[in-house]
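Work through the following exercises with the model open beside you, attempting each task before you read its solution.

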Amino acid sequence: MNNAIRIIGIDPGLRRTGWAIIETLSNSLRFVAAGTVRSDGDAALATRLCQIHDGLESILHEYMPVEAAVEATFVNKDAAATLKLGQARGIAMLVPARAGLLVAEYAPNAVKKSVIGVGHGDKKQIHMMVKVLLPRARFDTDDAADAIAIAICHAHHRQSAVSRLALEAAK
């Protein structure tokens with residue numbers, strides 16, 4: 001694709017952080033790659049965050065995206081788990097920001113609405129629509145499939161998101 005915009009979508013998680021690279025040109029989308037960065041569940045929290053950082057940094061270096069989209073963290077009943085997920089999300093935002101990318105954030109409902117047409121849906125619906133929108137997409141985990149959906153959401157909303165982020169950066 002000539003002058004295509006390469007986007008990384010990131011679904012943050014402490015055990016598994018899904019990532020996906022797509023390209024968009026006009027209304028066209030093309031799947032590039034997807035996968036999962038895993039951290040060692042037996043390691044200390046700081047070590048696990050470093051593993052996520054290093055994995056995402058390697059992906060950015062290999063695929064050279066120019067924009068990033070990260071799913072916003074949902075809050076659950078366990079405050080400690082929510083805090084740890086927030087720390088993983090911080091790494092997911094930090095890595096592309098340090099690489100000079102503008103980082104857009106999307107709520108889970110916004111991602112689902114962009115991909116399946118409604119704000120509430122299950123993993124099977126997301127998988128099905130990802131395959132419809134990007135028939136060549138391959139993913140190894142639900143987290144990678146979600147990352148593809150996040151990248152698709154950003155591709156659909158990128159003009160407004162990039163403009164909003166640029167205005168915030170100028171403040």
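**Exercise 1.** Against which elements do the buried residues of α2 pack?

Solution. Before starting, note that this is a predicted model, in which local features need pLDDT of at least 70 and side-chain atom pairs count only at pLDDT 80 or more, while totals for chains, interfaces and linings use all residues. Residues are numbered from 1 along each chain as its sequence is written, and side-chain values use heavy atoms, with hydrogens and water left out.

Step 1: list the buried positions of α2 (under 20% relative accessible area, with a 1.4 Å probe and protein chains only), which are Thr82, Leu85, Ala88, Arg89, Ile91, Ala92, Val95 and Pro96. An α-helix has 3.6 residues a turn, so residues three or four places apart point the same way.

Step 2: look for their contacts (heavy atoms within 4.5 Å); these buried residues pack against β1 (5-11), α1 (45-63), β4 (67-71) and β5 (102-106).

**Exercise 2.** Check the length of α2 and describe its two ends.

Solution. Step 1: the expected span is 1.5 Å times one less than the number of residues, so the 20 residues of α2 (residues 79-98) should span 28 Å, and the end C-alpha atoms, 28 Å apart, agree with this.

Step 2: at the N-terminal end Asp78 acts as the cap, with a side-chain oxygen 3.1 Å from the backbone nitrogen of Ala80. Just after α2, Gly100 takes a positive phi of about 90°.

**Exercise 3.** Which elements give two or more residues to the largest nonpolar core?

Solution. Step 1: a nonpolar core is a set of buried Ala, Val, Leu, Ile, Met, Phe, Trp, Tyr and Cys residues joined through side-chain atoms within 4.5 Å. The largest one has 22 residues, and those with the most contacts inside it are Ile22, Val130, Leu134, Ile148 and Ile152.

Step 2: the elements giving two or more residues to this core are β2 (16-25), β5, α3 (108-116), α4 (123-133) and α5 (142-170), and the largest share, eight residues, comes from α5.

Step 3: take Leu134 as an example; not counting residues up to four places away in sequence, Leu134 touches Ile22, Leu29, Arg30, Phe31, Ile148 and Ile152. A second, separate core of 21 residues includes Leu49, Ala92, Val95 and Val103, and Ala92 and Val95 are among the buried residues of α2.

**Exercise 4.** In what order do the helices and strands of the protein run?

Solution. Helices (H or I, at least four residues) and strands (E, at least two) are DSSP runs, numbered from the N terminus. The protein has five helices and five strands, which run β-β-β-α-β-α-β-α-α-α from the N terminus on.

Definitions and conventions
Buried < 20%, exposed > 50% of the residue type's maximum accessible area, 1.4 Å probe, protein only. Polar contact = N/O pair within 3.5 Å; in protein donor to acceptor, adjacent residues only side chain to side chain.
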